[in-house]
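Please look through the sequence and the structure shown below before reading on. The report that follows takes up a metal site and then a protein–DNA contact surface.

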Number of protein chains: 2
Amino acid sequence: MSNKTKASITDMLRASNLSITDTRVKILELFIDSNGALEHSSFEKLAGHSFDRVTVYRTLQTFLDKGIIHSIPTTDTSIRYALCKSDCSEHDHHDHHIHFKCEECGNTICLDETTVPEIQLPKGYAAHNIDVVVSGVCKECK
Amino acid sequence: MSNKTKASITDMLRASNLSITDTRVKILELFIDSNGALEHSSFEKLAGHSFDRVTVYRTLQTFLDKGIIHSIPTTDTSIRYALCKSDCSEHDHHDHHIHFKCEECGNTICLDETTVPEIQLPKGYAAHNIDVVVSGVCKECK
DNA sequence: TATGTTTATGCAGCAGTGTTGCGTAAATAA
DNA sequence: TTATTTACGCAACACTGCTGCATAAACATA
Ligand SMILES: [Zn+2]
Ligand SMILES: [Zn+2]
Ligand SMILES: [Zn+2]
Ligand SMILES: [Zn+2]
C-alpha cells in the first residue's frame, strides 16, 4: 500500500464525514488491494484477526450508508461488498454495472465497463434498482 | 389443496425419482399455495413446526438438485426459493425469468412472463447463468 | 500541546442459521 | 408380509449477525 493510496483513503473518509480510524483504513485497504468483492468472513482472515467481528460489521454498515461500498446479491448466505467507483453518496447509490461470479475461482467482481440493460417489466411494477449477477468462468480461469 | 393438486405433487416427486413423504408433499404444497418465493424460515412458520429444521434444509437441497425449485439471490443473508415452472431437470436448470422484490410488502416473485435480456460481457468472460433481480414496488402495493 | 467532548472499538452475551452424525422410522421393492 | 433402502428427528456443533455497555481513541478547542 503506497503512501499515495493511504492519503486517498483518508480523503475518502473525510469526504464522507467519517473519522479516520485504523479499522476503517485497514478495511478500505483490503478493498483496494483485493480488486474485487469481499464477503464478510474475508475481512477477519485478511486482516489477521487484528480487529473485532462486531467492528467489521459496523464499519461495513457505515460504508454502505455513506455510499462508499455497495452490496452484491448472492444465492448463498454470505453478503459480498465492493467499492463504489462511481460517485455514490449517502442515500444515493448509483452503481449500474453488472457483477460477475466465477464458478472456478469463486471470485466476484464488478464489471465496471458494463451497464445493466433496460428491463421491460409487466404493467404495474415500478423498478427502483436492478441487480444483474452473471455466473460463469472469468477471463483468468478460462 | 385439492386432490387434483395433491395428485400432481406426487407425480412431480415420482418424475424426479423421489419417494413420497409427508415433508416433501407439505413443502411443495406450501410453494404452490404461496404463489411466490419463500425463504427458509417461512417453512417452519407456515408448516406450524410440524417437521424438523434439518429436514427442511435437506428437502430444499434435494429439490434444488432435482430441478424442482430454484434459488433467488438476495443482498440479505436469507436465500429465497421458488418452484421451477419451465421444465428444469437434474443438473439442468433453465429458468430464464426476472425476479422482482417488492420493497413495500417484502414479497419476492418470479415474473414468468419476462425473459432476461442479452448481456454483453467483456472479452474473456463466459456466462453460464444470469440472475436479474429488480427491486421496487409491485402492482399490489403501488 | 494539553484538555474536554464526541465517536468508535472491544468484549460479553445472545438469537438465528446452516451442518453433521447417528439411531430410528417410514417408504419402496420383492 | 418381509427385507432393503431411504428419509426423518434429535443432539450437538460452528458460524453469522446483532445489542448493550464500559473503555479507548479521535477530534475540536483552547
Ligand atoms: Zn475465475
Ligand atoms: Zn459492483
Ligand atoms: Zn408489494
Ligand atoms: Zn423464479
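In this predicted model, the zinc ion (ligand 2) is coordinated by A:H70, A:H97 and A:H99, each through its NE2 atom, and by A:C110 through its SG atom, at 1.9 to 2.2 Å. The arrangement is tetrahedral because the four donor atoms around the zinc ion subtend angles of 101 to 117°, and every angle in a tetrahedral site has to lie between 85 and 135 degrees. Along the chain, the donors follow the spacing H-x26-H-x1-H-x10-C. Two of these donors, A:H99 in strand β4 (residues 98-102) and A:C110 in strand β5 (residues 108-111) of chain A, are eleven residues apart and link distant parts of the chain. Both A:H99 and A:C110 are buried.

The second topic is the DNA. Of the 20 residues around DNA strand C, those that come nearest are A:R24, A:T55, A:R58, A:T77 and B:I20. Of the atoms of DNA strand C that come within 4 Å of the protein, 66% belong to sugar and phosphate. The residues of this surface divide into five nonpolar, ten polar and five charged, and at least two of them are supplied by each of α2 (22-34) and α4 (53-66) of chain A and α3 (40-46) and α4 (53-66) of chain B.

The table lists polar contacts with DNA strand C.

| Protein atom | Atom of DNA strand C | Distance |
|---|---|---|
| A:T23, polar side-chain atom | phosphate oxygen | 3.2 Å |
| A:D52, polar backbone atom | phosphate oxygen | 3.4 Å |
| A:R58, side-chain N or O atom | base oxygen | 2.6 Å |

Definitions and conventions
Residues numbered from 1 in each chain as written. Chains lettered and ligands numbered in written order. Predicted model: local features only at pLDDT ≥ 70, side-chain atom pairs only at ≥ 80, totals over all residues. Heavy atoms only, no water. Near = heavy atom within 4 Å. Polar contact = N/O pair within 3.5 Å; in protein donor to acceptor, adjacent residues only side chain to side chain. Helix = DSSP H or I, 4+ residues; strand = E, 2+ residues; numbered from the N terminus. Nonpolar A, V, L, I, M, F, W, Y, C, P; charged D, E, K, R; others polar. Donors = N, O, S within 2.8 Å, 3.2 Å for Na, K, Ca; no water. Tetrahedral: all angles 85-135°; square planar, octahedral: opposite > 155°, others 65-115°. Buried < 20%, exposed > 50% of the residue type's maximum accessible area, 1.4 Å probe, protein only.
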